[in-house]
Amino acid sequence: MASKILIVAKREYLERVRSRTFLMFTLLIPVFIAGITMFPLYIAAKSGASTAIRHIAILDATGTDLGNRVAKALTTDSTVARVVGDSVVPRVMNVSAAELPAREQATANEVKLPDHITGYLVLNDSTLAGKSARYSGRNASTIGDMDKLRSIVRQEVMVSRLEREGVRKDIVNDLATSNFRLASERLTERGRGGSGQAGIFAGISVGLLLFMSIVFHGQNVLRGVLEEKSSRVAEVVISSVKPEALLAGKVLGVGGVGLTQQIAWFGISAYLMNFLGPIILKAATKGAVTASAGGSAANVAIGNSFGGMALSVVGVSLLFFVIGFVFYASLYAAAGSMVNSEQEAQQAAIPVMMLLMSTWLMVNAVLVNPNSRLSVVLTWLPWSSPIIVPLRMGLTSVSPAVIAGSAVVAVIGSIGAIWLSARIYRVGMLMYGKKPSFAEVAKWIRYA
């Protein structure tokens, strides 16, 4: 029986590995994930505030030199884009509180004219108190411009208030220009474990890759079983191979395809992240990071997330992928053997998909607190542990005893899924006609 299982598994493996679809997904998925992860960071690093932020009028009703401070900061800020030949600087108008409404209306009319100022900033007593300022202009919806303007006004208000309180000017300048960063590093009983940002990203990425692979290859098993049943090839095969051996060979073969793809995904992703990470870091260190992307420089650490991931995480991820795939592929195969058409197969697979999606919906709660009671419970459930355990390992320290125990429970759950699916598969592959009810499926299980 073992030799027949291996023959079926070899056929399933080679048939799928040699397909163009396998090669395309294996190569493109890591590129896609790296692209959607790194490209926004690269854009954030390269796209500072636009040059339009300098083409504004500043209505200063504070009675201080706050308007001139803001104008100077906008002119000298290196993160604001510059256009060759553009020498326009913010225009400051000192007005009284009584003159402000009329001046504001006149400036608003000027903004409406083509090829004039982009907008105007109003500074008043509320601004001087550190509460609020007002801006109106054509770029009011540009996030980068508004974040930069908000940051500069807040900084200059702080500097102005500190100087009025008698703080030395050199200390004020130091406070205004300092860039405080909080670097996080995991420290466990096994030693230092890399940056916290890298761990978070690695955990999410591993969970996502496992989820996608189980769904994709599980659906392949379902469609393969349905095709064999529809073409009645299964009747010929079952005459020489026991249904249990056919099911086991199919699951092992497709599982081997998934395992090969997982290894390729990890390797390609590690290379791409380590290759693209320094590029993002270089762009960020040139000072082209906006206030809204203030965490981008820190988040560049994700560029080394896969490369810095412990081999134990990769090994456990692959182990749990195999266990989880066997669990879900067996259920998908059972669903495919129960029905006679693609539409019925998708309906029959809904309970399996709901079981898998129930785990994925809990991922956010695990990310928030990987040591919560919910996270621990999900670690011990055979249908959720294949995704949750690697995810938790990327986020926090999980003891080897818990990992081993969870793996044992998951294996027991997979054996139970195989036993249940084999009994359904044995009868379902030879049954044609209407879609069976749950009561009929229960009879199949008892009969088998």
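How many aromatic pairs does the count come to? The count comes to 3 aromatic pairs, where rings of Phe, Tyr and Trp (its six-membered ring) pair if their centres lie within 6.5 Å, and planes under 30 degrees apart count as stacked, over 60 as edge-to-face and the rest as tilted. One of them joins Phe 327 and Tyr 328, with ring centres 5.1 Å apart and planes at 80°, so this pair is edge-to-face.

A word on the setup: this is a predicted model, in which local features need pLDDT of at least 70 and side-chain atom pairs count only at pLDDT 80 or more, while totals for chains, interfaces and linings use all residues. Residues are numbered from 1 along each chain as its sequence is written, and side-chain values use heavy atoms, with hydrogens and water left out.

Back to the two rings. Phe 327 is buried at a relative accessible area of 8%, and Tyr 328 is buried too, at 1%; buried means under 20% relative accessible area, exposed over 50%, and partly exposed in between (1.4 Å probe, protein chains only). Phe 327 is also touched by Ser 414, which has Ile 323 and Val 326 among its contacts as well, leaving out residues up to four places away in sequence (contact means heavy atoms within 4.5 Å). Ser 414 sits in helix α18, residues 400-428; helices (H or I, at least four residues) and strands (E, at least two) are DSSP runs, numbered from the N terminus. Ser 414 is itself buried, with a relative accessible area of 5%. A polar atom of the Ser 414 side chain lies 3.0 Å from the backbone oxygen of Ile 323.

Next, the charged pairs. The count of salt bridges comes to 6, a salt bridge being a side-chain nitrogen of Lys or Arg within 4 Å of a carboxyl oxygen of Asp or Glu. Arg 11 and Glu 15 make one of these, at 3.5 Å from N to O, and both lie in helix α1 (residues 2-17), 4 residues apart, about one turn of the helix. Arg 11 counts as partly exposed at 47% relative accessibility, and for Glu 15 the value is 47%, again partly exposed. A bridge between different elements is found at Glu 110 and Arg 91, whose closest N and O atoms are 3.0 Å apart. Glu 110 belongs to helix α4 (residues 100-112) and Arg 91 to strand β2 (residues 91-94), so the pair ties together parts 19 residues apart in sequence. Arg 91 is partly exposed, at 34%.

Helix α6 (residues 143-164) holds both Asp 147 and Arg 150, which are 3 residues apart, about one turn of the helix. Their salt bridge has its closest N and O atoms 2.6 Å apart. Asp 147 is buried at 15%, whereas Arg 150 is partly exposed at 46%. Elsewhere, Asp 65, Arg 69 and Glu 163 are joined into one network by salt bridges that share partners.

Arg 69 also turns up among the buried residues of helix α3 (residues 66-76), along with Leu 66, Gly 67, Val 70, Ala 71, Ala 73 and Leu 74. The cover over the buried residues of α3 includes β1 (56-60), β2, β3 (119-123), α5 (125-128) and α6.

Note on methods: Polar contact = N/O pair within 3.5 Å; in protein donor to acceptor, adjacent residues only side chain to side chain.
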